[in-house]
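Subject: Handing over the structure we talked about

Dear colleague,

I am passing the structure on to you below, together with some notes on what was found in it. Please keep it open while you read, so that you can look up each residue as it comes.

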Amino acid sequence: MKVAYVTFADPLGHDDERETALAAWLGAGVEGTPVRWDDQDVDWSSFDAAVVRSTWDYIDRRDEFVAWAHRTGERTRLLNPATVLEWNTDKTYLRDLGVPTVPTHWSDEGIPEWDEYVVKPAISAGARDTIRTADRAVAEAHAAELVRQGRTVMVQPYLDTVEHEGELSLLYFGGQFSHAVRRHPMLAGGGQELDLNNRATLRDPDTDQFEVAELVLSKVSEELLYARVDLVRMPDGEPVLIELELTEPYLFLRYELDAPDLFANALVSMLRG
Ligand SMILES: Nc1ncnc2c1ncn2[C@@H]1O[C@H](COP(=O)(O)OP(=O)(O)O)[C@@H](O)[C@H]1O
Ligand SMILES: [Mg+2]
């Protein structure tokens, strides 16, 4: 089987999971080829499937990316499917999912009083254009600027539980739980300081976290090759969804010995499907 490992023009070479994934695929009988999603010369129909992985430059070109996904999905088996990618690349999906989520105010006007605010655009990754501030006027100004740019804004209370408890990412392949990691907080004090190193620690989810993750996944009807459910705890301890990553999540493959093989086997069984 020939499968495209879909990536991006990567001057820094920082998809550090690629070789791990490709090696596991090969072990499962899948010949993977790294391909840039926006490479015009690719014949997608020459692949049995195309697996979206590190397409991390789509944020500024989301319409182009979604159009590409639909086109490509007509030529080969796109995983995850184009309809999923279209839905999942805009965090407005959080509004109607029907699961416990981080409280979110979807406007630059009438922002509730909170101790600290997180203001982010609905289309983002890696905390791009996301700020944390205790200053309500700063939160309002950033929200208004995002709206001025024609973007959908999300205003949330800053949950400081991410600093001690962390954000928990649960990884699923082919609908099966693989592993989970506790991730380090990305919004450092005051500003927009990011930790893009995806630093994390392997961790067993608690029962209540499993329950929310399974509830979240039950809301998606399409078959998924990969899913990452990102949870945080509210101050009262309730686990809530911060993000469901079905597009291009970092998979923390090297944190769990069996994870690359689970990923590869899920791919093979979906192709044999
Ligand atoms: N309400 C919040 N409270 C605390 N930290 C947050 C909050 N929202 C976002 N963050 C931090 O910013 C990171 C990025 O936000 P997220 O909503 O996951 O968007 P994306 O990963 O798509 O940029 C999170 O992983 C978390 O560390
Ligand atoms: Mg995130």
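In which helix does Gln209 lie? Gln209 belongs to helix 6, which covers residues 207-218. Please bear in mind throughout that this is a predicted model. Gln209 counts as buried because its relative accessibility is 2%, under the 20% at which that label ends. Setting aside residues up to four places away in sequence, Gln209 touches Glu165, Leu168, Leu231, Arg233 and Pro239.

Glu167, which has its place in strand 8, can be read in a similar way. Glu167 is a charged residue by class, and with a relative accessible area of 12% it is buried. Once neighbours within four places in sequence are left aside, its contacts are Val181, Arg182, Arg183, Asp230, Leu231, Val232 and Ile242. Leu231 is thus found among the contacts of Glu167 and also among those of Gln209.

It may help to step back to the whole chain, which is divided into domain 1 (2-88), domain 2 (91-99 + 160-252) and domain 3 (117-157). Between the C-alpha centres of domain 1 and domain 2 there are 22 Å, and their contact takes 18 residues from domain 1 and 17 residues from domain 2.

The largest nonpolar core has 46 residues, of which Trp25, Trp44, Val51, Trp68, Leu225 and Phe263 touch the most other members. Among the elements that give two or more residues to this core are strand 1 (2-7), helix 1 (18-27), helix 2 (62-75) and strand 8 (167-173), while the largest share, seven residues, comes from helix 7. Domain 1 and domain 2 each supply at least three residues to this core. Val51 shows how such a residue is surrounded: beyond its neighbours within four places in sequence, it is in contact with Val3, Ala4, Tyr5, Val6, Trp25, Leu79, Leu225, Tyr226, Phe263 and Leu267. Apart from this core lies another one, of 23 residues, which includes Tyr172, Val216, Leu224 and Ala227. As background, nonpolar side chains in soluble globular proteins tend to be buried together.

For a residue in another part of the chain, please look at Val155 in strand 7 (residues 153-157). Val155 counts as buried because its relative accessibility is 0%. Not counting residues up to four places away in sequence, it touches Pro103, Thr104, His105, Ser107, Ile111, Trp114, Tyr117, Val118, Val119 and Ala143. Val155 and Arg71, by contrast, are 34 Å apart in space, C-alpha to C-alpha, and 84 residues apart in sequence.

Finally, where does the largest cavity lie? Domain 2 and domain 3 both give residues to its lining, so the largest cavity lies between them. The structure holds one cavity of 30 Å³ or more, and the largest cavity contains about 70 Å³ of space. Its lining is made up of Tyr58, Asn88, Thr89, Lys91, Tyr93, Ala122, Ile123, Ser124, Glu243, Glu245, Thr247 and Glu248, which by class are four nonpolar, four polar and four charged residues.

With best wishes

Note on methods:
Residues numbered from 1 in each chain as written. Chains lettered and ligands numbered in written order. Predicted model: local features only at pLDDT ≥ 70, side-chain atom pairs only at ≥ 80, totals over all residues. Heavy atoms only, no water. Core = buried A, V, L, I, M, F, W, Y, C linked by side-chain atoms within 4.5 Å. Buried < 20%, exposed > 50% of the residue type's maximum accessible area, 1.4 Å probe, protein only. Helix = DSSP H or I, 4+ residues; strand = E, 2+ residues; numbered from the N terminus. Domains from an automatic or database assignment. Contact = heavy atoms within 4.5 Å. 1 Å grid on protein atoms, 1.4 Å probe; cavity = no way out; pocket = protein on both sides within 12 Å on 5 of 7 lines; lining within 4 Å. Points joined across faces, edges and corners; volume = space filled by probe spheres on them.
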